[in-house]
Amino acid sequence: MTTKILIVEDEAKLAQLMIDYLSLDGFDCHNINHGDLVIDWVKEQQPQFILLDLMLPGKDGISLCREIRSFSNVPIIMVTARVEEIDRLLGLELGADDYICKPFSPREVVARVKSVLRRSNPAPQTHNNEVVSEAKPPKNIIIDPDKFIATVYGVELELTPIEFRLLDLLSQSPNRVFSREYLMNNVYTDNRIVSDRTMDSHIKNLRKKIKKASEGKIIISTVYGVGYKMSF
Ligand code: CA
């Protein structure tokens with residue numbers, strides 16, 4: 001099935017460039033060049049991806065992103081002409097999935113689109129993983145969510161709330177590979193959007209603490225391009 005992408009961009013040349021490159025990769029591209037036309041089109045056509053320019057005639061990218069998020073979880077990459085704008089946009093917590101700054105190479109756009117799509121549609125677990133995931137967490141990990149205490153091989157860990165929830169989740173299903181997306185959706189209680197790097201740093205800290213407490217017997221490993229798993 002082809003992925004339908006909406007390119008909201010008022011610079012005709014730039015829009016055409018993105019269409020050319022994304023079409024080469026098999027995406028079904030549509031361009032809208034005015035902010036006021038976006039919402040109705042999205043509701044009617046339900047694109048699977050939106051590239052959203054910030055400065056537009058009519059409604060701007062910020063209002064559009066907010067409005068789309070009120071009815072849809074479609075992945076959105078926001079496009080801005082100024083790199084310093086990205087921090088401000090992040091601060092607004094618009095719920096966009098990624099940000100690209102102009103000028104960009106069309107190849108970069110294609111790569112980012114694919115990366116966001118991978119994140120929002122994690123690869124299904126293999127049969128093998130499903131079987132292994134039925135295993136029980138080992139007796140060497142004791143987690144008491146009410147008291148917020150986690151003990152590994154008799155050592156009580158000092159964990160942040162996010163690390164605590166990560167440990168709880170990962171240890172319930174040894175050897176199951178969890179995607180970053182899944183972990184983000186399940187350890188953050190406030191639907192906050194965090195970058196992959198933020199999740200990676202929580203994992204890194206938890207990994208260190210567990211490795212030390214278990215003297216290397218419990219391992220959180222990175223499964224390249226997929227996510228993380230805990231093994232014993
Ligand atoms: Ca523009």
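Arginine 112 is partly exposed, with a relative accessible area of 24%. This is a predicted model, so please take each value I give as computed from it.

What does arginine 112 pair with? Its salt-bridge partner is aspartate 98, and the closest N and O atoms are 3.0 Å apart. Arginine 112 sits in helix α5, whereas aspartate 98 belongs to strand β5, residues 98-101, so this pair ties together parts that lie 14 residues apart in sequence. Is aspartate 98 buried or exposed? At 18% relative accessibility, aspartate 98 counts as buried, because the cut-off for buried is under 20%.

Staying with helix α5, we come to lysine 114. Lysine 114 makes a salt bridge with aspartate 25, with 2.5 Å between the closest N and O atoms. Aspartate 25 lies in the loop between α1 (12-24) and β2 (28-32), and lysine 114 in helix α5, residues 106-120, so the bridge ties together parts that are 89 residues apart in sequence. Both partners are partly exposed: aspartate 25 has a relative accessibility of 37%, and lysine 114 has a relative accessible area of 33%.

Next, a pair within one helix. Glutamate 85 forms a salt bridge with arginine 88, and here the closest N and O atoms are 2.7 Å apart. Where do these two residues sit? Both are in helix α4, residues 85-92; they are three residues apart, which means a separation of about one helical turn. Glutamate 85 is buried, at 8% relative accessible area, while arginine 88 is partly exposed, at 45%.

How many salt bridges does the structure hold? The count is 14, and the three I have described are among them.

Now the calcium ion. Which residues supply its protein donors? They are Asp10 and Asp53, each through OD, and Met55 through O, at 2.1 to 2.3 Å from the ion. In sequence, the donor residues are spaced D-x42-D-x1-M. Aspartate 53 is buried, with a relative accessible area of 3%. Methionine 55, by contrast, counts as exposed at 63% relative accessibility, because the cut-off for exposed is over 50%.

To close, back to arginine 112 and aspartate 98, partly exposed and buried respectively. Elsewhere, salt bridges with shared partners join Glu9, Glu11, Asp53 and Lys102 into one network. Asp53 therefore appears on both lists: it is a member of that network and a protein donor of the calcium ion.

Methods:
Residues numbered from 1 in each chain as written. Predicted model: local features only at pLDDT ≥ 70, side-chain atom pairs only at ≥ 80, totals over all residues. Heavy atoms only, no water. Salt bridge = Lys/Arg side-chain N within 4 Å of Asp/Glu carboxyl O. Helix = DSSP H or I, 4+ residues; strand = E, 2+ residues; numbered from the N terminus. Buried < 20%, exposed > 50% of the residue type's maximum accessible area, 1.4 Å probe, protein only. Donors = N, O, S within 2.8 Å, 3.2 Å for Na, K, Ca; no water.
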